[in-house]
Amino acid sequence: MSLSGILSSSQVTSLITAAENQYNAPVKILQGQEIPLQTQISALGNISSILSSLQNATQGLDHLSALAQTQATVGNSGILSASANNTAQSGTYQVTVSGLAAAQSLYSQDFSSQNTTVGTGTIGITVGSGTTVNVQISSTNNTLAGIENAINGAGAGVSASLVYDGTGYRLVVAGNQTGAANSFTISTTGSALSGFTYSSGTTTMTESQSAQNASATVNGIAVTSATNSFSGTIPGVSFAVNATGSTTIDVSPSSTAAKTAIANFVNAFNAASTAIQKATAYTPGAASGQSGSGGPLMGNPIISSIENQMLSLISTTTAGGVSGGADAIGFGNAGITLTSSGTITINSGALTSALSTNYNQVLGLFGAMGGSSNPNVQYAGSAAGTVAGVYTVNVTTNSSALTSGTVNGYSASGSNGSMTVENGPAQGLSLNIAPGVTPTATLFFNQGVAQSLGSLLSSALGTNGTLQQAENSNQSQITAMNKQITSYEKTTQAQIQAMIAQFSAYENASSSAGQTSNELNAIFSNLFGGSSGG
């Protein structure tokens, strides 16, 4: 297309493109403004994800009293294995195993085949002092294999099997449970089944193994068990015997589980702190005079507030002891240090030492944990609303039916050596009381950094948390900008179409009548607000 030789087709196209770019200038500005908002949304999502991991690690500090605090070490693991719970007292125990628990086992005479017909009648099986179970043998199950199956299907407390000894098949009947009390007898009716009798005065079956208890001595004291496992022999310790012989069980404090829980929390805290630092940092220019660059969340007040509160909690959290604030400790006392970069370092030696001398108070820095001035009164647990502090415990009754007393004058009750405070500041505080005593004690309880940090993270995360609100705000701005962009683009399209129509109209007019330069300038002026320049 040409305007009667005045403008070429390419010049017209260039004019239209220039007009379109001018009309779209606001669109490009808006699109440029969207980019940092999108980047912030992505960065906020990343921070939310990392803080969620910290929240999970913080929730892992809710049940510190359940962590293993003792360990049982066996001198010869070939003889026995052992484990200890938190009620076990430190000490070394000499254990001599003289016999293993066994189940009774009987076998019959030889039969030439599994399908040998034996005969009919009744086989009565009595385990210990229990009720006799009668197994009916009829013409449908009177072979050796049929009798085996009938015994196994009777639920009599024994198991039957067939064993080939090289010359014939024998019926073997063995008890399902070990222990002397689980020995069994077999009676029969019908002469054909008399070869399966084992009872007082009549023994046509042979006993290959008698029912017996495991037997051992612990520090010279004889003990027995119906199984190869002993529980309660050493309070708080369970052990399982594997062979006869002598060995030791050494029960000692253990901080392994506590160190793992602490390390998990520190790693999650450091990951969150590092991510926040990266997202909010300012990086100077590479050369003098060059502009620097900031992280996508630099200056963001929400992120800055979260970071400041996180660091403050590590700096200020303390855990009191039986004297309350007078013997309180901070993270520094446990080898936990906050660095200038906002991360935490652990001095392993210092932490180990602190845990070995002050286990409960050190864990109280991290989460809900208590300790007592009297070993007969032990902290067992708490509720979310239990108030940190020092409490006077007075146990008045301690039996299997009722364990009760007061904590700072508020009632506490339970049974079998466990009681829980029913109301007051210590409501929900649970205590374990040693058997046979009604002690008094001073008990301290700390909520640790977990409670405050958990509240901070809960307010930041979630569908209505501050981080989600920030993301929503950015997204709302982007949505509004996109509406503006759509409006601008529609207007631009209409203006360009009008421009093309004017060019077409001018082309048609100029082909039939000459037009002056002044007339052409007037058209350009209407389109661009100025002249064509020639």
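Which residues lie nearest the centre of the largest pocket, and how many residues line that pocket? In this predicted model, the lining is made up of 39 residues, and Gln-69, Asn-86, Thr-87, Gln-89 and Gln-378 are the ones nearest the centre. Two or more lining residues come from each of α5 (348–363), β24 (369–372), β25 (377–381) and β30 (430–433). Helix α5 is the main contributor, giving eight residues to the lining. The space in this largest pocket comes to about 1100 Å³. Sorted by class, its lining holds 24 polar and 15 nonpolar residues, with no charged residues.

The second largest pocket offers about 370 Å³ of space. Its lining consists of 20 residues, with Asp-62, Ala-368, Ala-383, Ala-384 and Gln-447 nearest the centre. At least two lining residues are supplied by each of α1 (9–59), β25 and α6 (448–460), and α6 gives the most, with four. The class count here is 12 polar, seven nonpolar and one charged. Strand β25 thus turns up in the lining of the largest pocket and in that of the second largest.

Helix α6 deserves a further look. Its buried residues are Gly-448, Val-449, Ala-450, Leu-453, Gly-454, Leu-456, Leu-457 and Ala-460. An α-helix has 3.6 residues a turn, so residues three or four places apart point the same way. Just after α6, Gly-462 adopts a positive phi of about 95 degrees.

The interior can be described next. The largest nonpolar core contains 68 residues, and the members that touch the most others are Leu-51, Leu-54, Phe-265 and Met-310. Helix α3 (residues 256–280) gives the most to this core, contributing 11 residues. A second core, separate from this one, has 24 residues, including Leu-106, Ile-125, Ile-151 and Val-173. Returning to Phe-265, its contacts beyond four places in sequence are Leu-54, Ala-57, Thr-58, Leu-61, Ile-314, Phe-366, Val-449 and Leu-453. Two of these partners, Val-449 and Leu-453, are among the buried residues of α6.

Met-369 is a helpful residue to follow beside the pockets. This methionine is found in strand β24, one of the elements that line the largest pocket. With a relative accessible area of 2%, Met-369 falls under the 20% cut-off and is therefore buried. Apart from neighbours within four places in sequence, Met-369 is in contact with Leu-64, Ser-65, Gln-69, Tyr-359, Asn-360, Leu-363, Gly-364, Tyr-379, Phe-444, Phe-445 and Asn-446. Among these, Gln-69 is also one of the residues nearest the centre of the largest pocket. The C-alpha atoms of Met-369 and Ser-382 are 8.2 Å apart in space, while the two residues are separated by 13 places in sequence.

Two further strand residues, both carrying a hydroxyl-bearing side chain by name alone, can be taken in turn. Thr-122 lies in strand β5 (residues 121–127) and counts as buried, because its relative accessibility is 16%. Its side chain makes a polar contact with the side chain of Gln-136, at 3.2 Å. Neighbours within four places in sequence aside, Thr-122 is in contact with Asn-134, Val-135, Gln-136, Ser-187, Thr-188, Thr-189 and Leu-193. Ser-404, for its part, is placed in strand β27 (residues 403–407). Ser-404 counts as buried because its relative accessibility is 13%. Leaving out residues up to four places away in sequence, Ser-404 touches Val-395, Thr-396, Thr-397, Ala-412, Ser-413 and Met-419.

Backbone geometry in two loops completes the description. Asn-219 sits in the loop between β13 (214–218) and β14 (221–225). Its phi is near 50 degrees, a positive value in a residue other than glycine. Asn-219 is partly exposed, with a relative accessible area of 46%. Asn-408 occupies the loop between β27 and β28 (410–415), and its phi, near 55 degrees, is likewise positive in a residue other than glycine. At 39% relative accessibility, Asn-408 counts as partly exposed, whereas Ser-404, in strand β27, is buried.

How values were computed:
Residues are numbered from 1 along each chain as its sequence is written. This is a predicted model: local features need pLDDT of at least 70, side-chain atom pairs count only at pLDDT 80 or more; totals for chains, interfaces and linings use all residues. Side-chain values use heavy atoms; hydrogens and water are left out. On a 1 Å grid over the protein atoms alone, a cavity is a set of points where a 1.4 Å probe fits but cannot get out, and a pocket is an open set with protein on both sides within 12 Å along at least five of seven lines; lining residues have an atom within 4 Å of a point. Grid points are joined across faces, edges and corners, and a volume is the space filled by probe spheres set on the points. Ala, Val, Leu, Ile, Met, Phe, Trp, Tyr, Cys and Pro count as nonpolar, Asp, Glu, Lys and Arg as charged, and the others, Gly among them, as polar. A nonpolar core is a set of buried Ala, Val, Leu, Ile, Met, Phe, Trp, Tyr and Cys residues joined through side-chain atoms within 4.5 Å. Buried means under 20% relative accessible area, exposed over 50%, partly exposed in between (1.4 Å probe, protein chains only). Contact means heavy atoms within 4.5 Å. A polar contact is a pair of N or O atoms within 3.5 Å; within protein, one must be able to donate a hydrogen and the other to accept it, and residues adjacent in sequence count only if both atoms are side-chain atoms.
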